[in-house]
Amino acid sequence: MSAARSETTSVPGADLLAALLDGMDAALCAFDADGTVTHWNREAERILGWSAEEAVGRRGFDGWAARRADAAEALARLMGAMQAPGRLVHEFALLRKDGGRVLVRTQSAGVRGADGAPAGVYCAFSEVHAQIDLERSIALSEALFEDAPWGLVLVDVDLRPTVVNGHAARAMGAGRTTLLGRPLGELVVQGVEELEGALQHVLAEGPPRGPAEVWVTLRTAEGERRRCWRSGFVRLASPLAEEPVPLGVGWLFQDVTEERLAEQEADRLRFRYSQLHRAGAAAAECEDPREAATVLLDFALAGFADHALLDAAAGERRLVRVAATPTARPGPVVPVAGGGIPLRYPSGHPVLQALSRTGPVRASSVASTPQAAEDWAAERHWPRDAVHALCLPLRSRGRTVGAVTFLRAASRTAFERPDAVYAEAVAGRVAAYLDLADSVNATGSAGYRPDGHGDG
């Protein structure tokens, strides 16, 4: 009974071993202590063309899987694994059944019997070019995650980072391990919807045709930082599944913030000085110098500020409002009706500071509530929606002829140094026209006219 039971249980075990060997992705063969082939799986058959029926029972490779000149050396190198610790790696040429030669890389290790004596060798082998391709893939992956000059993040199907290289961690202002498994929204304050939308599109539809640029605001230990990332995406799928199963997304990016900011600044400068050129041409057609000054301010406001206030000098440190934009709605700079009453700017007002310094002065509200911001603007005699101001003296022929104030609402950023440089160019032209207006009023001169009836 026991013998029969042993026989019936050994058959399924043998079938299981055969199924495991045939299901392996690597070619596998085994030899007994005499060098006779005892196992030969389907991958070995695929590479060399010899079936298991043709291979099992042969001694070595002589006469079938190797040339006679190579067979003895190949078998000796493989069988040497019986006496060596660990695994041995060799490369040698074998013969396909169709007569072609193939260079294989083998890993062989000894097999010991129940008594501990050497009982044979098992050998796993693959074509060298396939092994080299695998090694290249592994080397590429390691290089990307260690030395790549761009950021690389692997994101799972839940859009959480699973692997982050050093460049990406530095770009995000966090450690490589601290980013793992965290939602992107914990790190990206603004722009996360666009970024997650791109990742979801890649998972569902595949990668876009070309790189995409994403503006994000990062939350870092030093505060919030706005960055532009030029990004590329690839969908990751398991190579082991019968049907493509998405594993996540590979996201590669480079920080191009400085380049984009430089391009934006160049575009802004081109537009502004194009406006100045057009303003100069339009102002030259105005008979009234003060009208020419308002035309200049109208052109300057485009894309620069929401309001402009023009004050003319009326004696020692006295200013009179001569033109302004509407306070209740957007509109052009127009003369102030019924002007002539001096403005009562409080001490320390930015306009008075600009006159005292004979240079631009910037100011911004630090109010925490909308009402407080409106009060801040009202105290300075500005429209209630103003939260950023740039005040400049108007200088012509060595004297101050007035002041100009540019104002921005909360939807715009505060004035910066490049804005002040541009505003000074505008103020110089406006000052010249105000000075001309004063001269015309003082002398009554109408200037040169094409009909030849002008003064002089």
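Begin at the second largest pocket of this predicted model, and colour its lining by residue class: 2 residues are nonpolar, 3 are polar and 7 are charged. The pocket itself has a volume of about 290 Å³. To display its lining, select E265, R268, R272, G303, R408, S411, R412, T413, A414, E416, P418 and D419. Two elements, α8 (257-283) and α12 (417-443), give two or more residues each to this lining, and the largest share, 3 residues, comes from α8.

From the pocket, follow R408, one of the lining residues, into strand β17, which spans residues 399-408. With the strand selected and the rest of the model shown as a surface, you should find that β17 is mostly covered, since 8 of its 10 residues are buried.

Next, add the strands that pair with β17. Select residues 388-396, which make up β16, and you will see this strand run antiparallel to β17, with 9 bridges between them. A convenient place to check the register is P393, which stands opposite A403 of β17. The two strands form a hairpin with 2 residues between them, and in that turn R397 has a positive phi of about 55°. Then select β12, residues 307-313, which is also antiparallel to β17 and is joined to it by 6 bridges. Here the pair to pick out is L310 and V404, the latter being the bridge partner in β17.

For another hairpin, move to residues 88-95 and 101-112, which are strands β3 and β4 respectively, antiparallel to one another and joined by 8 bridges. Which residue of β4 stands opposite V89? Selecting Q107 shows the residue in question. Between the two strands lie 5 residues, and G99, within this hairpin, takes a positive phi near 100°.

The last stop returns to α8, the helix that contributes 3 residues to the pocket lining. Select A284, in the loop between α8 and α9 (289-301). Is this residue buried or exposed? A284 counts as exposed because its relative accessibility is 53%, where the cut-off for that class is over 50%. Finally, keep A284 selected, add Q131, and draw a distance between their C-alpha atoms: the two residues are 153 residues apart along the chain, and the separation in the model is 78 Å.

Definitions and conventions:
Residues numbered from 1 in each chain as written. Predicted model: local features only at pLDDT ≥ 70, side-chain atom pairs only at ≥ 80, totals over all residues. Heavy atoms only, no water. Buried < 20%, exposed > 50% of the residue type's maximum accessible area, 1.4 Å probe, protein only. Helix = DSSP H or I, 4+ residues; strand = E, 2+ residues; numbered from the N terminus. Pairing = 2+ DSSP bridges. 1 Å grid on protein atoms, 1.4 Å probe; cavity = no way out; pocket = protein on both sides within 12 Å on 5 of 7 lines; lining within 4 Å. Points joined across faces, edges and corners; volume = space filled by probe spheres on them. Nonpolar A, V, L, I, M, F, W, Y, C, P; charged D, E, K, R; others polar.
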